[in-house]
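Please walk me through this structure in the viewer, one selection at a time. I am new to it and would like to know what to click next and what is there.

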Amino acid sequence: MQNSFVTDAINLKSYNLSEADKIMVMYSKEKGLIRGVAKGVKKPKSKLGARMDLLVANTLMLHKGKNLDTICQAEVVNTFYKTRQDIDKICYSTYVTEVVHNFGIEEDPCSSIIYDLLYQTLDAIAKSQTKIEIMIAVIKFQLKMMIESGFSIELDKCLCCHHDLKEETMYFVPNMGGIICQNCANNISYGKKQIPHKLRDFFKQMAINSFDEKGEYETKANEKVCTVTFEALKEYIALKSPKKFKSTNILQEV
């Protein structure tokens, strides 16, 4: 089939197209964000069926169309089924996919890296035993996704005076994209969050550690540390996002 292509993709969002059809929004390993029509998916005997549920990774065959591609075949790679049994896992996984949807682009040159990052994050969330493990997976994703999107956070030098910050009081300023020293913070009246140097070091470790790697700060992290880190990064990501978030309201109740 000359006008067809095969790709691995993770389902991010879906929209009703007709009584039987849906439009699927997916992030693919080869092409970044893609959209495809899942014809007859809402019928009881559909071959696509549950493969088109959200938070499912598939190997797809799609037929190219003028406006929208058509999903011809889907073979499940991972349903992340343990996520579907836990409300925390569902909510944080939904947030992660929304970040990718908001920052992802069609024909993304970084598609393979971002696809693998999304897949590893969803897999780590699904396998997590505690809420702390869930949040650590998401924090790693937040930091790594911002690096890949060109919005790396400055965690070594004061953004104002460029002084190296080590074991001293510092502030994280989301709308500036990093940390500032205490002296420079005196000139900023709002939007700053005081953080101890060990929390900054936790940020740095999460940015470089893989999903199956546990460093010193990670093993000592408690839910409060994870919540403070996650919320700070969530605010920063929201400021950089080209689209508004919908999942963050749900996360406030989790």
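**Two buried rings to begin with**

Select Phe-172 and Phe-203: both residues are buried. Keep in mind that you are looking at a predicted model. The ring centres of Phe-172 and Phe-203 are 5.8 Å apart and their planes meet at 55°, so this pair is tilted. Phe-172 belongs to strand 6 and Phe-203 to helix 5, so the pair ties together parts that are 31 residues apart in sequence.

**Along strand 6**

Now show strand 6, residues 170-173. Which way do its side chains point? Met-170 and Phe-172 point one way, while Tyr-171 and Val-173 point the other way, and all of them are buried.

Next, pick Tyr-171. Its bridge partner in strand 7 is Ile-180. Add Lys-192 to the selection, and you will find Lys-192 over the face of Tyr-171, at 5.5 Å from the ring centre. Then move to Met-170, which stands opposite Ile-195 in strand 8.

**The sheet around it**

Widen the view to the open sheet, where three strands follow the order 7-6-8 with antiparallel pairing. Strand 7 (178-181) and strand 8 (193-195) are at the edges and have a single partner strand each, so one side of each is left without a neighbour in the sheet. On average, neighbouring strands here are turned by 40° against each other, direction ignored.

How many bridges join strand 6 to strand 7? There are four, and three bridges join strand 6 to strand 8. Follow the hairpin of strand 6 and strand 7, with its four residues between the strands, and stop at Gly-177, which takes a positive phi near 90°.

Now bring helix 5 (residues 197-208) back into view. Helix 5 lies across strand 6, strand 7 and strand 8, and runs at about 90° to strand 8.

**Over to helix 3**

Select residues 131-148, which make up helix 3. From its first C-alpha to its last, this helix of 18 residues reaches 26 Å, close to the 26 Å expected at 1.5 Å a residue. Is helix 3 largely enclosed or largely open? Of its 18 residues, 14 are buried, so helix 3 is largely enclosed by the rest of the structure. Just after the helix, look for Gly-150, which has a positive phi of about 85°.

Within helix 3, zoom in on Met-135. This residue is buried, with a relative accessible area of 1%. Leaving aside residues up to four places away in sequence, Met-135 touches Tyr-92, Glu-223, Cys-226, Thr-227 and Phe-230. Measure from Met-135 to Tyr-92: they are 43 residues apart in sequence and 7.9 Å apart in space, C-alpha to C-alpha.

**The aromatic rings beyond**

Two of those contacts of Met-135, Tyr-92 and Phe-230, lead to the next stop. Tyr-92, Tyr-95, Phe-230 and Phe-245 form one aromatic cluster. Across the whole structure, a search finds seven aromatic pairs. One of them joins Tyr-95 and Phe-230 edge-to-face, at 5.4 Å centre to centre and with 75° between the planes. Tyr-95 lies in helix 1 (residues 87-103) and Phe-230 in helix 7 (residues 223-240), so the pair ties together parts that are 135 residues apart in sequence. Both Tyr-95 and Phe-230 are buried.

**A last stop**

Finally, select Lys-31 and Phe-5. The charged end of Lys-31 sits over the ring of Phe-5, 4.9 Å from its centre.

Key:
Residues numbered from 1 in each chain as written. Predicted model: local features only at pLDDT ≥ 70, side-chain atom pairs only at ≥ 80, totals over all residues. Heavy atoms only, no water. Helix = DSSP H or I, 4+ residues; strand = E, 2+ residues; numbered from the N terminus. Buried < 20%, exposed > 50% of the residue type's maximum accessible area, 1.4 Å probe, protein only. Contact = heavy atoms within 4.5 Å. Pairing = 2+ DSSP bridges. Axes fitted to C-alpha atoms, helices over the stretch in contact; angles between N-to-C directions. Expected span 1.5 Å × (residues − 1). Phe/Tyr/Trp six-rings, centres within 6.5 Å; stacked < 30°, edge-to-face > 60°. Lys NZ or Arg CZ within 6 Å of the ring centre and 35° of its normal.
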